[in-house]
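I opened the notebook to record the contacts within and between the chains. The entries follow the order in which I looked things up.

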Amino acid sequence: MKALILVGGFGTRLRPLTLSFPKPLVDFANKPMILHQIEALKDVGVTEVILAINYRPEVMINFLKDFEDKLGIKITCSQETEPLGTAGPLALARDKLVDGSGEPFFVLNSDVISEYPFAELIQFHKSHGGEATIMVTKVDEPSKYGVVVMDEETGRVDRFVEKPKIFVGNKINAGIYLLNPSVLDHIELRPTSIEKEVFPKISAGQKLYAMVLPGFWMDVGQPKDYITGLRLYLDSLRKKAPSRLAAGPHIVGNVLVHENAVIGEGCLIGPDVAIGPGCVIESGVRLSRCTVMRGVRIKKHSCVSSSIIGWHSTVGQWARIENMTILGEDVHVSDEVYSNGGVVLPHKEIKSSILKPEIVM
Amino acid sequence: MHCRHRVLGWIYDPAGPIKGGAKVVSLKPALGVAGRKERGIGSSSPRFASSCRDPDPRSLFRGKRKVYTMKALILVGGFGTRLRPLTLSFPKPLVDFANKPMILHQIEALKDVGVTEVVLAINYRPEVMLNFLKDFEDKLGIKIICSQETEPLGTAGPLALARDRLMDGSGEPFFVLNSDVISEYPFAELIQFHKSHGGEATIMVTKVDEPSKYGVVVMDESGKVDRFVEKPKVFVGNKINAGIYLLNPSVLDRIELRPTSIEKEVFPKIAADQKLYAMVLPGFWMDIGQPKDYITGLRLYLESLRKKASSKLATGSHIVGNVLVHENAVIGEGCLIGPDVAIGPGCVIEPGVRLSRCTVMRGVRIKKHACISSSIIGWHSTVGQWARIENMTILGEDVHVSDEIYSNGGVVLPHKEIKSSILKPEIVM
């Protein structure tokens with residue numbers, strides 16, 4: 001089986017993190033975002049993953065070689081020379097996706113995290129015999145999204161409604177699809193939207209089905225959702241593999257600590273914290289609802305909440321970092337500095353407090 | 001902490017055929033700790049110098065085999081954060097100024113005075129630089145090498161790092177330049193003054209209105225430097241360090257391979273020995289490492305061009321003041337361009353556009369009736385019809401401003417679309 005992951009472009013919403021790495025390689029829960037998806041695909045029997053990208057393939061390709069070797073799965077890049085939307089890339093990668101076996105292939109949006117119930121998806125797809133299956137997720141405010149109107153019992157999709165003004169349903173497209181090769185015949189090699197052009201056609205032919213995604217779902221393409229997504233992810237880990245979470249008197253709630261990280265005495269860590277490889281958390285540090293990326297040093301007595309601390313940064317003693325502060329790579333916050341929502345580009349020193357949310361370039 | 005360094009560059013094959021300008025005939029990156037053996041450089045210098053250009057009294061020839069050439073070190077440094085968002089796309093030395101990469105202004109001026117080898121002291125992203133420099137090497141016939149710091153070495157440490165490259169046994173002084181500085185680069189006069197006073201080091205100084213903000217150089221009538229005063233509270237003088245030096249090789253004996261400040265540690269020692277001289281920089285001077293000064297610097301540069309090479313400036317009824325237009329740029333009808341504008345290669349300025357006090361980088365399209373002032377428009381961006389762009393707006397690479405948008409000091413990172421107006425100065429990421 002094969003899969004195509006729509007990686008896309010510049011990842012500007014996740015700046016400043018994406019100024020250092022392309023978005024799929026930005027770590028989430030101590031692992032490059034795209035690795036979560038690739039591992040789940042491998043677990044269900046996918047042997048080849050194609051990444052549809054339109055920016056900076058070189059960085060990706062180097063990294064992916066590592067994954068290929070470690071995971072034993074083939075990874076190739078399909079590069080768009082002009083942005084092809086959400087369906088065009090499938091046409092571009094047609095030759096790789098259609099191998100004559102007739103097997104359906106996965107298409108994933110690279111920003112999506114979930115429990116990736118791919119085995120159930122395959123089973124449902126084969127059972128209804130339609131041409132395409134999309135996963136949908138329930139949301140509270142469907143009027144902001146494209147709603148999928150479906151037959152609750154069979155899952156067959158009736159129609160799509162963009163930002164509905166009246167209530168038509170509360171399931172939206174989760175960005176995870178399983179498609180028969182015949183779908184590629186519906187897609188031309190030009191900028192095309194899969195939700196607006198391709199799926200409506202298939203559903204008009206009564207051949208599009210939807211499956212409600214069990215478990216959590218989040219589009220982690222921007223910092224606020226990234227932080228919420230970590231909470232959901234760790235919740236899920238608590239249920240499925242609690243031994244991977246940290247334990248101890250200094251741990252509160254769900255906390256993921258890489259085995260190479262070091263935590264000092266008197267710290268209080270959690271809930272909803274991920275600490276990456278090579279991190280040093282000095283004594284007396286309080287961390288909550290935050291991600292600490294590889295190689296970061298958090299100095300004594302500091303307090304970090306609801307923030308993302310980028311690779312190889314340092315946070316000074318008694319510093320207070322909160323309210324969606326995002327530190328890019330190699331940012332050094334001096335002792336006793338306060339940051340209220342500062343968004344700091346890479347290779348900067350922060351020597352004075354940031355009193356209200358602002359970008360520091 | 002001991003720091004390793006790598007000298008990366010291209011090695012000339014001295015045995016190769018050279019005509020009318022030294023050519024790279026083999027690409028042999030020199031990696032590892034720089035030592036003469038590893039770099040494959042013997043004690044005999046290449047013979048090419050004598051055939052590659054007209055005899056130049058400023059670089060000495062001694063016999064057939066031994067040739068002395070002048071060298072220069074340019075302190076490029078690090079991340080160029082002050083010039084973001086432009087430096088998010090290119091390392092600072094490669095950011096265009098007056099339609100030419102910043103560092104090329106300096107390299108050309110050095111070549112003109114007989115420098116044959118330029119060492120770039122960098123501590124970030126050598127790969128991008130190296131690709132680009134290969135082009136320069138070929139076109140200019142000058143050797144360019146990168147010396148990469150593995151830890152920031154300040155303003156003097158990089159000289160120690162590049163010691164082996166700067167000292168070739170000839171005894172010739174070498175230039176040291178700060179990469180952000182633009183000026184008329186009066187290097188010939190500097191060489192002459194240096195030789196005439198017989199001191200160990202000459203620094204160029206420039207006059208400023210508010211010396212209390214800088215490090216002031218206190219000197220006597222002969223130019224001999226008495227002392228340096230950082231941010232003086234009382235008036236001691238109005239000359240500051242212009243970031244252009246000519247140093248004898250013996251200066252290198254005063255510099256250890258560690259983070260060192262040339263202004264605070266090295267020069268004061270030489271001054272105490274009565275061997276440091278200063279020369280007032282004639283003409284303009286600007287540190288263009290941040291957008292406001294970049295824009296002012298362009299005005300000064302174009303003024304200077306008006307005096308020295310006015311034929312390079314644009315003329316016509318649609319031109320006001322000093323305007324530089326690349327030959328590959330296209331300007332439509334009914335435009336009014338200037339003063340103090342630079343328009344880069346491949347730009348398209350549609351009809352009815354007003355541009356003043358701005359830089360338009362390579363490949364930009366300015367659509368009809370737009371009005372831009374005091375701003376920098378980054379490579380391959382577009383500005384929509386009737387858009388108004390002013391007050392230190394800086395558009396990074398590939399930024400697209402929609403029609404009728406107003407930007408008052410917006411600072412926009414690369415690869416963005418601006419679909420609504422920016423009413424007050426802010427960063428758009």
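**Chain A, domain to domain**

I took the distance between domain centres to start with: over C-alpha atoms, the centres of domain 1 and domain 2 of chain A are 31 Å apart. The model is predicted, and I read every value below with that in mind. The assignment I used puts domain 1 of chain A at 1-217 and domain 2 of chain A at 227-357.

Next I looked up the contact between these two domains. I found 15 residues of domain 1 of chain A touching 24 residues of domain 2 of chain A. The buried area came out at about 1600 Å², with carbon and sulfur atoms giving 70% of that. I then asked which residues of domain 1 of chain A lose the most area to domain 2 of chain A. They are A:Pro16, A:Leu17 and A:Asn30, which together make up 35% of what that side buries.

For charged pairs I noted a count of one salt bridge between domain 1 and domain 2 of chain A. I also logged the salt bridge of A:Glu115 with A:Lys240, at 2.9 Å from N to O. Polar contacts across this domain interface number six residue pairs, both residues being at pLDDT 80 or more. I sorted the side of domain 1 of chain A that touches domain 2 of chain A by class and got 10 nonpolar, three polar and two charged residues.

**An annotation on chain A**

I checked the UniProt record, an unreviewed entry, which annotates residues 251-360 of chain A as "domain: Mannose-1-phosphate guanyltransferase C-terminal". For that stretch of chain A I read 0% helix and 40% strand. Its end C-alpha atoms lie 32 Å apart.

**Chain B, domain to domain**

I turned to chain B, where the assignment gives domain 1 as 6-287 and domain 2 as 294-428. In the contact between them I counted 16 residues from domain 1 of chain B and 26 residues from domain 2 of chain B. The area buried there is about 1800 Å², and 72% of it comes from carbon and sulfur atoms. On the side of domain 1 of chain B, I noted that B:Pro85, B:Leu86 and B:Asn99 supply 32% of the area buried against domain 2 of chain B, more than any other three residues.

How many salt bridges are there between domain 1 of chain B and domain 2 of chain B? I found one. I also recorded that B:Lys308 and B:Glu184 form a salt bridge, with their closest N and O atoms 3.0 Å apart. The rule for polar contacts returned seven residue pairs across the interface of the two domains of chain B, both residues at pLDDT 80 or more. I listed the elements that give two or more residues to the domain 1 side of this contact, and they are strand E5 (96-97) and strand E16 (285-287) of chain B. By class, I have 11 nonpolar, three polar and two charged residues on that side of domain 1 of chain B.

**Chain A against chain B**

Last, I looked between the chains. I counted 14 residues from chain A and 14 residues from chain B in the contact. The buried area is about 1300 Å², and carbon and sulfur atoms give 66% of it. In chain A, I see A:Arg15, A:His347 and A:Met361 losing the most area to chain B, together 50% of what that side buries. I searched for salt bridges across this interface and the rule found zero. Polar contacts here come to four residue pairs, both residues at pLDDT 80 or more. I split the side of chain A that touches chain B into nine nonpolar, two polar and three charged residues.

Methods
Residues are numbered from 1 along each chain as its sequence is written. Chains are lettered from A and ligands numbered from 1 in the order in which they are written. This is a predicted model: local features need pLDDT of at least 70, side-chain atom pairs count only at pLDDT 80 or more; totals for chains, interfaces and linings use all residues. Side-chain values use heavy atoms; hydrogens and water are left out. Contact means heavy atoms within 4.5 Å. Buried area is the accessible area (1.4 Å probe) that two parts lose on being put together, summed over both. A salt bridge is a side-chain nitrogen of Lys or Arg within 4 Å of a carboxyl oxygen of Asp or Glu. A polar contact is a pair of N or O atoms within 3.5 Å; within protein, one must be able to donate a hydrogen and the other to accept it, and residues adjacent in sequence count only if both atoms are side-chain atoms. Ala, Val, Leu, Ile, Met, Phe, Trp, Tyr, Cys and Pro count as nonpolar, Asp, Glu, Lys and Arg as charged, and the others, Gly among them, as polar. Domain bounds come from an automatic or database domain assignment. Helices (H or I, at least four residues) and strands (E, at least two) are DSSP runs, numbered from the N terminus. UniProt positions are given in the numbering used here, feature names are shortened, and annotations may be inferred rather than shown by experiment.
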